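Colleague: I have the model open at my bench and would love a close look at a single part, the strand pairing and its surroundings. Could you walk me through that at an easy pace?

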Amino acid sequence: METIHKIGRRKTAVARVYLKEGKGNITINKRELENYFPTGTLQYKVKQPLVLTENEKTFDISVNVFGGGITGQAEAIRLAISRAMCELIDENRGILKPEGLLTRDPRMVERKKFGQKKARKKFQFSKR
């Protein structure tokens, strides 16, 4: 089996995932999964497509991720792994699609407008 390369995005985070046969090691930016994402919730998000398709100990995954915050990065990695699992075995699509793991979340931060405090918040009007 050759290496499968897929890309996942979320907010401003971009993750490139390289999947190959192995023992279940997940390396993110040359660091272990537990070191890169210290909280259990983020580790679960990254492993979710592997758990659902029962491939936790089957593949070694190498990830390059940049941009965004840690939650956006974790969800970008999850999308890329889900896409790789679908390319590997077509039946995985039927497992991952109902869970919403193949949908690219389009929500982005709204830009700040001129003359306002934030995107929608205005400066307070004070009359003296």
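Modeller: Happy to! Two strands count as paired when DSSP finds at least two bridges between them, and strands here are DSSP runs of at least two residues, numbered from the N terminus. Please keep in mind that this is a predicted model.

Let's begin with the overall layout. Five strands make up an open sheet, and their order across it is S1-S2-S5-S3-S4, with mixed pairing. S1 and S4, the latter covering residues 31–32, are the edge strands, each pairing on one side only.

Now go across the sheet from the S1 side. S1 covers residues 4–10 and runs antiparallel to S2, with seven bridges joining the two. To find the register on your screen, pick Ile 7, whose bridge partner in S2 is Arg 16. Lys 6 stands opposite Val 17 of S2.

S1 and S2 form a hairpin with two residues between the strands, and Lys 11 is where phi turns positive, near 55°. Most residues other than glycine have a negative phi. Lys 11 is not a glycine, yet its phi is positive. Lys 11 sits in the loop between S1 and S2. Its relative accessibility is 42%, so Lys 11 counts as partly exposed.

The next pairing is S2 with S5, again antiparallel, and here eight bridges hold the register. Arg 16, which you have just met as the partner of Ile 7 in S2, has Asn 64 as its bridge partner in S5. Tyr 18 faces Ser 62 of S5, and Val 14 stands opposite Phe 66 in that strand.

On the next step the direction changes: S3 and S5 run parallel, joined by three bridges. Ile 26 has Ile 61 in S5 as its bridge partner. Past S3 comes the loop to S4, which is where you will find Asn 29. Asn 29 is another residue with a positive phi, about 50°, although it is not a glycine. With a relative accessible area of 27%, Asn 29 is partly exposed, because partly exposed covers the range between 20% and 50%.

Ile 61 is a good place to pause. Leaving out residues up to four places away in sequence, Ile 61 touches Val 17, Tyr 18, Leu 19, Asn 25, Ile 26, Thr 27, Leu 50 and Ile 81. Ile 61 is also one of the residues that touch the most other members of the largest nonpolar core, along with Ile 28, Phe 37, Val 63, Ile 77 and Ile 81; this core has 28 residues in total. The elements giving two or more residues to it are S2 (13–21), S3 (26–28), H1 (33–36), H2 (40–52), S5 (59–66) and H3 (70–88). H3 gives the largest share, eight residues.

That brings us to the helices beside the strands. H3 lies across S1, S2, S3 and S5, and it runs at about 145° to S1. The axes of H3 and H2 come within 8 Å and cross at roughly 10°. Angles under 35 degrees count as roughly parallel, so H2 and H3 are roughly parallel to each other.

If you would like to see that contact residue by residue, show Leu 42, Lys 45, Val 46, Gln 48, Pro 49 and Leu 50 from H2; they meet Ile 70, Thr 71, Ala 74, Glu 75, Ile 77, Arg 78, Ile 81, Ser 82 and Met 85 from H3. By class, the contact of H2 with H3 has nine nonpolar, three polar and three charged residues. Two names here are familiar, since Leu 50 and Ile 81 are among the residues that Ile 61 touches.

For contrast, have a look at Phe 125, in the segment after H4 (92–96). Exposed means over 50% relative accessible area, so Phe 125, at 71%, is exposed. The C-alpha atoms of Phe 125 and Leu 52 are 53 Å apart, with the two residues 73 places from each other along the chain.

Note on methods: Residues numbered from 1 in each chain as written. Predicted model: local features only at pLDDT ≥ 70, side-chain atom pairs only at ≥ 80, totals over all residues. Heavy atoms only, no water. Core = buried A, V, L, I, M, F, W, Y, C linked by side-chain atoms within 4.5 Å. Buried < 20%, exposed > 50% of the residue type's maximum accessible area, 1.4 Å probe, protein only. Helix = DSSP H or I, 4+ residues; strand = E, 2+ residues; numbered from the N terminus. Contact = heavy atoms within 4.5 Å. Axes fitted to C-alpha atoms, helices over the stretch in contact; angles between N-to-C directions. Parallel < 35°, antiparallel > 145°, perpendicular 65-115°, else oblique. Nonpolar A, V, L, I, M, F, W, Y, C, P; charged D, E, K, R; others polar.
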